[in-house]
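Please look through the sequence and the model that follow before reading on. The paragraphs below begin with the chain as a whole and then turn to its strands and to some individual residues.

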Amino acid sequence: MSRRARAVPTWAILRALGRDGVEDLVVGAHYDAVGSVDSGSVTLVPGGPTGLVTADAVRYSQATAGVTGANEDNDRIGASVAVGDVTGDGRNDLVFGAAGENRIGAVHVLKGGTGTPTGTGSSFVNGAVIPVDGAACAR
């Protein structure tokens with residue numbers, strides 16, 4: 001079975017990203033095809049007064065302006081997703097993992113604001129700089 005056939009959502013969470021307090025849906029699809037590359041993506045479907053607003057959905061990948069890196073096969077963007085205030089500014093941020101980035105993984109942080117997050121001002125932490133205890137990973 002090709003990876004494209006397995007491009008099903010891997011993570012999905014409901015959490016308010018905008019200042020409106022309405023919950024949004026964030027879905028990670030770590031084998032999603034972006035162009036001709038199976039690099040993965042994260043999709044944000046904003047919530048509205050009567051439910052999700054699919055027409056306003058935004059898809060994020062390393063092809064998104066401002067997001068660090070280039071789409072490469074097996075980057076596995078969206079292997080993990082989270083929403084929370086990691087920048088300490090009182091606004092929820094969009095955080096997603098790229099488990100296969102350069103074979104060591106990475107984490108992207110897109111800053112929250114009054115609207116939908118963009119790649120502008122996003123942060124990137126490469127797995128090489130994150131101390132990981134190999135024994136802890138084996139558990």
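Two residues are in contact when heavy atoms of theirs lie within 4.5 Å. Among contacts in the chain between residues at least 6 apart in sequence, 41% join residues at least 24 apart. The model in which these contacts are found is a predicted one, and buried residues make up 41% of the 139 residues in its chain. One helix and 10 strands are present, and their order along the sequence follows the pattern β-β-β-β-β-β-β-β-β-β-α.

A good place to begin is strand S3, which spans residues 41–45 and is mostly covered, since four of its five residues are buried. Strand S3 pairs with strand S2 (residues 24–29) in the antiparallel sense over five bridges, and in this pairing Val27 stands opposite Thr43 in S3. Strand S3 also pairs with strand S6 (residues 58–60), again in the antiparallel sense, over three bridges, and here Val42 is the residue that stands opposite Tyr60 in S6.

Further along the chain, four strands form an open sheet in the order S7-S8-S9-S10, with antiparallel pairing. The edges of this sheet are strand S7 (77–84) and strand S10 (123–126), each of which pairs on one side only. From one strand to the next, the twist averages 20 degrees. Within the sheet, S8 and S9 are joined in the antiparallel sense over five bridges, and Phe96 stands opposite His108 in S9.

The loop between strand S8 (93–98) and strand S9 (106–110) holds Glu101, a residue that deserves a slower look. What is the nearest side chain of opposite charge to Glu101, and how far away is it? That side chain belongs to Arg76 and is 11 Å away, and Glu101, although buried, has no salt bridge. A salt bridge would need a side-chain nitrogen of Lys or Arg within 4 Å of a carboxyl oxygen of Asp or Glu, so the 11 Å to Arg76 leaves Glu101 without one. The side chain of Glu101 does, however, make a polar contact with the side chain of Gln62, at 3.1 Å. Leaving aside residues up to four places away in sequence, Glu101 touches Gln62, Glu72, Asn74, Asp75, Ala106 and Phe124.

One of the residues that Glu101 touches, Asn74, is found in the loop between S6 and S7. The backbone of Asn74 is worth examining in its own right. Most residues other than glycine have a negative phi. Phi of Asn74, by contrast, is near 70 degrees, a positive value in a residue other than glycine. Is Asn74 buried, partly exposed or exposed? Asn74 counts as partly exposed because its relative accessibility is 31%, and partly exposed is the class between the limits of 20% and 50%.

A positive phi is also found at Arg103, where the angle is about 65 degrees although the residue is not a glycine. Arg103 lies in the loop between S8 and S9, the loop in which Glu101 is also found. Arg103 has a relative accessibility of 83% and therefore counts as exposed, whereas Glu101 is buried.

Technical notes. Residues numbered from 1 in each chain as written. Predicted model: local features only at pLDDT ≥ 70, side-chain atom pairs only at ≥ 80, totals over all residues. Heavy atoms only, no water. Helix = DSSP H or I, 4+ residues; strand = E, 2+ residues; numbered from the N terminus. Buried < 20%, exposed > 50% of the residue type's maximum accessible area, 1.4 Å probe, protein only. Lys, Arg positive; Asp, Glu negative; His and termini not counted. Polar contact = N/O pair within 3.5 Å; in protein donor to acceptor, adjacent residues only side chain to side chain. Pairing = 2+ DSSP bridges. Axes fitted to C-alpha atoms, helices over the stretch in contact; angles between N-to-C directions.
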